Each structure stands twice: as C-alpha cells, then as structure tokens.
There are 2 protein chains.
Amino acid sequence: MISLHVQAQPSAPATGKIAFAIHGGAGVIRKQDMSPEKEQAYREKLTEAVLAGYRILQSGGSGLDAVEAAIKILEDSPLFNAGKGAVLNADGKAELDASIMDGKTLAAGAVAAVHRIKNPISLARAVMEKSPHVLLVGEGAEIFAQSQGFELVPETYFITPERQKGLERAKEREKSSQGRQPDKKGTVGAVALDKFGNLAAGTSTGGMMNKRYGRVGDSPIIGAGTYANNATCAVSTTGWGEYFIRTVAAFDVSALMAYKGLSAAEAGKLVIEKIGKLGGDGGMIILDKHGNIAMPFNSEGMYRAYINERGEPVVQIYKDSP
Amino acid sequence: MISLHVQAQPSAPATGKIAFAIHGGAGVIRKQDMSPEKEQAYREKLTEAVLAGYRILQSGGSGLDAVEAAIKILEDSPLFNAGKGAVLNADGKAELDASIMDGKTLAAGAVAAVHRIKNPISLARAVMEKSPHVLLVGEGAEIFAQSQGFELVPETYFITPERQKGLERAKEREKSSQGRQPDKKGTVGAVALDKFGNLAAGTSTGGMMNKRYGRVGDSPIIGAGTYANNATCAVSTTGWGEYFIRTVAAFDVSALMAYKGLSAAEAGKLVIEKIGKLGGDGGMIILDKHGNIAMPFNSEGMYRAYINERGEPVVQIYKDSP
C-alpha cells in the first residue's frame with residue numbers, strides 16, 4: 001500500500017487548547033412539532049456524543065479519535081439520519097455515506113452507497129489510514145471493509161419503524177403531489193481541535209429519504225460535506241447536499257478564511273448565504289485553529305452541541321431559542 | 001422533478017469572444033517512449049476533438065455543447081483512458097466516471113462507477129439537466145440512464161487489446177514488486193467559453209488501472225476534477241486523483257482567482273505546486289472568463305490542445321517541447 005499522508009501542513013498554534021462541536025442535522029425542526037419527550041431524547045444523545053468526543057480530547061486523544069467516537073454514538077442512535085435509523089431509499093434500504101479528514105496532513109477517507117456497515121465513519125477512517133484511496137463506493141467499499149476486519153451487519157439492522165413509516169409517507173406524497181420533495185433531515189458530523197493543534201472533521205449520513213439511482217449527496221465529498229486544514233478550520237455540513245456540492249461549501253469556508261482573512265463565523269455566514277441564493281438550505285459547524293466555533297444555518301433548525309469555555313456541554317436545536 | 005439550476009451567476013463580460021481547450025490526460029508521457037505513428041494518432045485525435053468543440057462555439061453553440069462534443073470524441077477513441085479504451089479495473093472491467101458543470105448557473109452533474117454507458121459525459125449532463133441530483137453512482141446511475149433513453153452497451157464494448165495487456169502487466173508488477181504503483185494516464189477533459197460569456201467544464205475517465213474496491217477518483221467530484229463559474233474560470237483536471245480530491249484542486253483555482261485576484265496561470269501553478277508538495281502529480285486546463293488559457297502540470301507530459309488567437313488548433317504533448 002502507498003501512504004498518501006506523510007507531509008504535515010503548517011500546524012495550528014499548539015496552545016494546548018481543545019475544542020469540540022457536533023451536529024445532528026439541519027432541516028425543518030420546529031419546537032411546535034416536537035414533543036417534550038422527543039426533544040429530551042435528542043438533547044440527551046447530543047450531550048452524550050459531545051461529551052464523549054470532548055473527554056477524548058481532554059485525555060490527550062487526537063481530534064480524529066474524538067470525531068470518530070462522537071459520530072459513532074450518533075450513528076448508533078435511531079434518532080439521527082446516519083447508521084441505525086438512517087432514512088430509507090426507494091428500495092427500502094439504508095444507503096450510507098461518510099467521510100473524515102485530518103487537518104494536519106490533509107489525508108482524507110470516504111465511503112458512499114454502503115448498505116452493511118454499522119459505522120460508516122469508521123470505514124471512512126480505514127479508507128484514509130489503510131488504503132491509498134480517498135473514496136470507495138458501493139459493494140467495493142464493503143469488500144474493502146471485510147479485508148480490514150469489519151463485520152458486516154444485515155441490512156435490516158438499520159431499519160427502524162419510524163423510518164419505514166417515513167418512507168411510506170414519502171411514497172404517498174410522491175404519488176399525490178406535483179413532485180418529489182426531498183426529506184433532508186439529520187446528517188451528523190463533528191469537528192475537533194486537539195491539544196496538539198490538529199483539526200479534524202467528519203460527517204455521516206443516510207442521505208435523502210426515498211432516494212433513487214444511487215444518488216450521493218455532499219457528505220462523502222471532501223470539500224463539500226467535510227474539510228479540515230490546520231491552517232484554517234474544520235467543517236462538517238448538513239442540508240440539501242446538491243447545493244453543498246455545487247458551492248463546494250466546506251472548502252469555500254476554508255478558502256475565504258485563508259485567502260480573504262475572514263473569521264470562521266463570517267466565512268460560514270457567507271457560504272450559507274450563497275447556498276440560500278441558489279435555493280438550497282442547510283447548515284454547518286466550523287471550528288477554527290484557535291478553537292472558535294461557528295454554527296450557521298438557514299433552515300428552521302439544526303441539532304447541534306459544543307463544549308463552552310467552562311467545559312460544559314451546550315445543546316441547541318431551534319433557530320431563535322435554544 | 002425539481003430544477004436546481006434556475007439562478008444565473010454574475011455573467012462573464014459577453015464580448016462574444018470564444019475559447020476552447022481540451023486535455024487527454026497527464027502522466028509519464030515521454031518522447032522517447034512514443035513511436036511517430038502513435039504520436040501522430042494522438043495529435044490527429046486531439047485536433048479533431050478541439051476543432052469539433054470550437055466549431056460549435058463558432059456557430060453560436062453553448063459551452064456545454066462544445067465540452068460534451070469534444071469529450072465524446074475522446075471517449076470514443078481507444079487512445080484515451082475514458083469511454084472506449086478506458087483502463088480496466090482489477091476485475092477486468094472498464095469502470096467509468098464523468099462530470100460536467102455550467103458556470104452560468106453552477107448546475108452540475110456527475111456519474112461514478114458505471115460500466116455500460118458509452119458516453120459517460122452525456123450521462124453526467126443528463127444528471128445535471130434531467131434530475132434534481134448532482135452525483136449518481138453505480139447501477140443506480142445506469143437505471144437512471146435507461147429511464148432517460150440511454151442505450152446501454154455491453155461491458156465488452158470498452159475493452160481494447162492494449163488495455164487488457166496493460167492490466168496483465170499491472171497484475172504481474174503487483175505480484176513481483178513491493179507495492180501497487182497506480183497507472184494514472186489518460187483522463188480527458190474540456191473547458192469552453194461561449195459567445196454568451198458562459199463558461200463550462202467537463203471531465204471523463206476510466207480511473208486507475210487495476211483499481212479495486214469501487215475506488216472513485218477526482219474526475220466525478222465537483223470542485224476536485226471539474227469546476228466552472230462565470231465569475232472566475234472553468235477547470236478540468238487529470239492526474240493522481242486522490243491528491244486532487246484532498247486539495248479540492250479545481251475549486252481552489254477558482255477561489256484563488258476570486259479571493260486573491262490571481263490570474264488563471266498563477267492560480268493553476270500554485271495549486272499544482274500544492275499537489276506536488278503533498279507527493280501527487282498531474283495537471284489541469286483552465287480557461288478564464290476573458291478567454292485566457294493555462295495548462296499547468298508537474299508530470300512528464302500532458303496531452304492537450306487549444307485554439308489560438310488566429311483560430312488554429314495547437315496540440316502539445318511533452319513538457320519542454322511541443
């Protein structure tokens with residue numbers, strides 16, 4: 001195997017400062033549609049995931065480890081559109097995409113259209129670390145997974161009653177209405193700054209409900225759904241993937257910071273505005289090399305969480321209120 | 001179907017100036033390895049393709065039409081690693097990727113890992129124009145193709161004796177040597193400026209010889225292998241795809257022009273240098289909104305052609321000589 005990731009990028013200032021943030025997807029998430037029990041379940045799972053990642057960073061672990069650990073928790077939860085509980089494609093199957101990037105080396109790994117991988121984020125990491133490639137798709141990615149000792153789960157593992165109902169509703173809407181409205185809720189992602197000054201980002205998704213034709217969104221696309229570079233920032237996006245691909249959203253944030261000197265918040269706001277102008281919606285989490293966090297979105301809500309300056313988890317869901 | 005491409009970008013100055021350039025791949029292309037007959041065959045096919053695209057622009061056709069027409073000619077030729085004559089994967093099959101982008105609307109379409117599409121660039125265009133998606137992969141992409149009236153060709157259509165021999169040699173090298181050396185020759189691409197001031201770019205490839213695991217390179221990735229934006233430039237890349245993904249190469253050229261005011265030549269040189277520093281190689285063709293062409297590469301050669309100020313085709317292959 002050829003190693004593609006040997007040269008370190010200009011390092012972030014290794015002040016020992018750590019920072020961590022996650023998202024659980026942007027979309028039509030409204031307080032009035034949410035039961036207190038459901039909201040509580042989301043808050044608890046986001047808290048668990050953000051704390052899990054942060055504790056890894058506190059104990060000197062790498063940003064990549066923190067990103068992978070938090071995303072695995074979200075993948076394993078049926079609440080989010082990734083791993084177990086992913087939305088179902090038109091054939092009634094979960095079809096999963098994920099990617100991860102190391103800001104120190106610009107190494108990256110991604111998988112798309114896999115059906116039997118419990119934790120796609122871990123497979124994306126194996127592609128990055130154990131293969132000379134960046135992106136593997138479909139059955140080939142699963143063959144690679146087996147060669148790396150990944151256990152394949154049955155396709156039924158991913159299916160939850162709620163997602164089955166969702167698919168039925170989507171198929172009915174399709175029959176009755178003028179067109180297919182994409183259901184875009186719930187991609188998950190994480191960004192980390194570890195005590196060595198290294199940034200990392202990762203994203204995992206089941207994509208669009210009722211999707212066809214092997215459609216792949218932005219989540220496994222380096223530069224669109226995920227990007228990390230120690231010189232600038234780590235980014236994970238969520239939303240209507242086609243718009244994030246066309247705007248090369250995650251990398252554009254980094255480019256605006258590197259080439260125009262914008263802050264993470266300014267760059268993120270500008271890229272979300274570009275997406276909005278094209279007619280798209282969604283959001284992103286951004287972590288810069290100093291530990292500053294921005295979480296811009298133009299959808300009704302975005303599940304998100306971070307660790308504040310006092311080391312406490314902060315969980316937010318809606319636009320105007322926590 | 002939902003249309004994703006309704007809003008026009010800031011238009012290039014519509015001076016009526018047209019420009020067109022193509023590439024037939026970068027790699028270890030050396031004068032001493034080339035017979036006069038083989039070189040002549042490449043020069044003739046590149047001339048045919050660059051003239052075909054240019055004539056479309058001359059007669060008032062769109063940049064997208066010119067890009068598609070030229071790439072189809074290169075796909076149909078067994079000389080290049082795209083369409084017929086694509087390198088074969090480890091299973092002995094051609095596995096094809098392509099993408100196209102419209103600089104006016106930032107609409108984009110791409111397909112990856114298709115096996116039975118004669119002209120993947122035309123399918124990428126259908127994804128852009130006839131679906132709400134950007135990227136379709138594998139069998140799903142072929143099902144979409146059939147729904148759009150594309151005729152599927154047998155997998156044997158793509159296989160040439162030369163590529164079969166190449167695969168056998170690659171498998172032998174793999175057995176005997178310390179590792180797998182990727183064979184990266186021959187992706188094709190085109191960039192166009194039409195008389196309406198619209199830029200377009202497209203790329204098509206068979207990827208890496210002897211590839212496994214559903215490996216997908218940069219050619220179908222918007223921002224890595226292909227990018228077009230009327231505000232800046234149109235770009236198509238070729239080379240060791242993993243590096244072009246990690247550097248988000250095509251979009252980075254556009255970002256350096258938009259945010260730092262670099263010329264197409266300066267931006268292209270800088271991005272190829274970044275790729276070289278990471279250990280990668282390859283090249284790209286860039287066309288800016290004023291019709292300036294840059295063709296930077298750090299490999300031994302790059303098949304390339306453009307139409308000069310006098311309307312004549314110029315074909316180049318090697319680094320230091322034409």
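What turn and what shift along the axis lay chain B on chain A? Here are some views of this predicted model to help you find out.

**View 1. The two chains, laid one on the other.** A turn of 180 degrees, with a shift of 0.0 Å along the axis, brings chain B onto chain A with an RMSD of 0.0 Å. That is how a two-fold axis relates its copies. Both copies use the same surface, since 100% of the contact residues of chain B recur in chain A.

**View 2. Close to the rotation axis.** Look here for B:Y259, the residue of chain B that comes closest to the rotation axis. Its C-alpha lies at 2.9 Å.

**View 3. The fold of chain A.** If you trace chain A, you will meet eight helices and 13 strands. Its radius of gyration is 18 Å, close to the 20 Å from the globule rule for 322 residues, so chain A is as compact as a globular protein of that length. Along the principal axes, the C-alpha atoms of chain A fill a box of roughly 55 × 50 × 35 Å.

**View 4. Inside chain A.** Of the 322 residues in chain A, 63% are buried. Among the contacts in chain A with a separation of 6 or more, 70% join residues 24 or more positions apart.

**View 5. Surface and charges of chain A.** Chain A has an accessible surface of about 11300 Å², and carbon and sulfur atoms hold 49% of that surface. Chain A also carries 37 positive and 35 negative charges, and the mean positions of these two sets are 2 Å apart.

Note on methods. Residues are numbered from 1 along each chain as its sequence is written. Chains are lettered from A and ligands numbered from 1 in the order in which they are written. This is a predicted model: local features need pLDDT of at least 70, side-chain atom pairs count only at pLDDT 80 or more; totals for chains, interfaces and linings use all residues. Side-chain values use heavy atoms; hydrogens and water are left out. Helices (H or I, at least four residues) and strands (E, at least two) are DSSP runs, numbered from the N terminus. The radius of gyration is taken over C-alpha atoms; the globule rule is 2.2 Å times the number of residues to the power 0.38. Buried means under 20% relative accessible area, exposed over 50%, partly exposed in between (1.4 Å probe, protein chains only). Contact means heavy atoms within 4.5 Å. Accessible areas come from the Shrake-Rupley method with a 1.4 Å probe; for residues, only the protein chains shown count as cover. Lys and Arg count as positive and Asp and Glu as negative; His and the chain ends are not counted. The place of a charge is taken as NZ of Lys, CZ of Arg, CG of Asp or CD of Glu. Copies are superposed by least squares on the C-alpha atoms of residues with pLDDT of at least 70 in both.
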